[in-house]
Amino acid sequence: MHLVGMRSNLNKRIAIVSKDHWKALPTIISKETHFAQEEIFVEESNFESLFLRLKQANPTSIVFLHVNITGKITADQINQLIELPAPAFKMIFQHSSSILKLLDFSSSFKDLIYRPESIRDSIDQKFLPIPYSRRSAVGSVIHETFDRLCDNPHELSHSYWCKEVPLQYVVECGRWLEKVKEWLRLPVTQTVQMDSFIRILVCSDHGKTAEQLHKESCEDVRIRLIDAGNRADFDSLKEFLSENSEFQFQERSGARNEDNHPKASNVSIRCPAIVLQKASFLPQRKLEVLISRCFKFKVKIVVLVSCPLISLCRFRIYHDSRSPPSWVHAPILTQRNNIYPGINVASESNYHLICKGLKLMFSLDTLITDEFVGSVQDFIKGNMQNLSQLSFLDHNDDLFRAENQHVLEDIFNNLSKSDQPVEVTWDALQEECKTLAGLLARHINRHIRFPAETWADDMPLICFADFCRQPRVRFLSQVHRVEAYIHFLSKNTASTSALIDSEKNLPFGLPLIQIADISNANVHCAHNPGKLLCVDLSHGETFLQLNRSEYPMYMDPGHGDAVIRHLEIIEHQSILGAELNWEEMFVNGPEIDSDEVFKHICTHSSCRIMLLLSMNPSQIVNLKLSNEGMREIEKDFLECQDLLHELPRLQFGVLRSRTAAIWWLLL
């Protein structure tokens, strides 16, 4: 009844329900309420007519709409549907990863969406972890590496990872603002470089990034901010999209209004630069028209995206009706809002220290703003009960379960140790680090407060996800990825402050395989330790034999649906450095029917070697890749060459044939 009547949450206009509830709801609504209901079918082709019909209907009493998405639809159209000016409509969507991604585009939707607990149960049952198999090329390497490190945990202290590779990546990404400002000063040279007018910027918070660009760009460059998710904002560009190149640019004049604020006057000028937020909202044809107009009139454009899919980086430029379009591959920049060692940690509040630690543990790219710090402060002062204040962790569902409240407490308690003395007894540490999350938080805390002498002031700190981009780390199980990261933190913490167990000659708490009851939590996760965060530690026991029987696993990313095709899932997961269905791909080969998409993945994905090992030798040697993609493959393959060749030849024949094919490809 809570879902049907929504009486305790009258502002909820959208419900996302499980498959079982989707089938039962029509009967429940008809029996338990007097409200009307209607089933509608929507996709891109019929959206306009359906939207107009619903808009004109505007019923006076509640009507439940069972929304079936039957084909491709854009986030912009979902946006219009949800913001339909007819408050009596209550929309019900069947749960899928596609609809969640579309709804996640706008933070304003979060207060409108009702997600019952049954969805979480449905997800847990549908998306069960898949174990790696020794018969597949990728699985054989991960299994063998897992066994070796269980027997020799000290190997992780000096091999499989390095500091230089992730540090170079983070430093380069941290220069994003400087690079954009340098580019804005350069003239557009269409004859030499067709892509000189466009840049793709990968970022997580489009609004704050756009504001930062607008605020800090040089004074002689005028920038117009356009939010593709705001229809009124984007519609103001219609004049620019037409043949008339002049359009209205809001400029602050010296005049003042009655409230003593600067008046905004519309001046018809050629805008030198556009920052386009939420480009994924737009249909491809609209985006290409906008890009073509920018090219024609030499207007620079920065396109903000959350994931650089090829559809958002490769555009057709329409010159005129008499000539065919030409393709432009836009250069891609990745944003990192880096943080640095705590030079003046003593003067920082516990809340700032916690924010830094959360950024490293959960690979958050948010700026440490007053709002961010305030949310953490309010959460702690509220006895860690109001989980809505941790909206920046909304993709970590396991942490938000009631039974895992102690894990959040462990994280915040160990990250906040700003005034604790350097010397601490093992008994005290064991009492304060009861979970793997708490243990990792304590090592992160020490690394931030007491960086090694070799860690210069201008060297940014490295989060878990960026550390795991290294080619060899990709072949570690999740528990050994976490161990490697703890080794990295300890090695780069001042020798007098690092938490080192002198008897084992290992960082405190390692090896995890002995003291953590891992069970089925050793599941790969790209952005943070994932399910391992909720694992309890028993410092006086050993779980070695039990854990060795639980081999590494990964989550199946799904096979797509009418909204998001399987190819898009493969591309999205690959570029984010997340997992694909490696075992299925080993049998059937990757379902990538576009050479351009595969070139794009090989150029920008950190799991490119694993993807190649999922192909048969004939597929590998016949690949047609760009020079940049070949360079990236060669660099990663040389990094993990020793790891791949250490495996016994006779036992891993499939792996041998595929690594030989990669060598042939690189000749």
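Helices here are DSSP runs of at least four residues and strands are runs of at least two, numbered from the N terminus. Keep in mind that you're working with a predicted model.

**Exercise 1.** Find out how many helices and strands the protein has, and what share of its residues is buried.

*Solution.* Start with the elements: there are 30 helices and 18 strands. Next, the burial cut-off: a residue is buried when its relative accessible area is under 20%. By that rule, 54% of the 667 residues count as buried.

**Exercise 2.** Work out why helix H23 counts as largely enclosed by the rest of the structure.

*Solution.* First, locate H23: it spans residues 566-576. Then check burial: of its 11 residues, 9 are buried, so the rest of the structure largely encloses this helix. Among the buried ones are His566, Glu568 and Ile575. Now look for the cover, which includes helix H24 (582-588) and helix H25 (595-604). Finally, step just past the helix: H23 is followed by glycine 577, with a positive phi near 80°.

**Exercise 3.** Put the 5 strands of the open sheet in order and say which ones sit at the edges.

*Solution.* Trace the sheet across: the order is S8-S11-S12-S7-S15, with parallel pairing. The edges are strand S8 (223-227) and strand S15 (332-334), since each of them pairs on one side only. From one strand to the next, the twist averages 20°. Now zoom in on one pair: S11 (residues 273-277) and S12 (residues 300-305) run parallel and share 4 bridges. For valine 275, the bridge partner in S12 is valine 302.

How values were computed:
Residues numbered from 1 in each chain as written. Predicted model: local features only at pLDDT ≥ 70, side-chain atom pairs only at ≥ 80, totals over all residues. Heavy atoms only, no water. Buried < 20%, exposed > 50% of the residue type's maximum accessible area, 1.4 Å probe, protein only. Contact = heavy atoms within 4.5 Å. Pairing = 2+ DSSP bridges. Axes fitted to C-alpha atoms, helices over the stretch in contact; angles between N-to-C directions.
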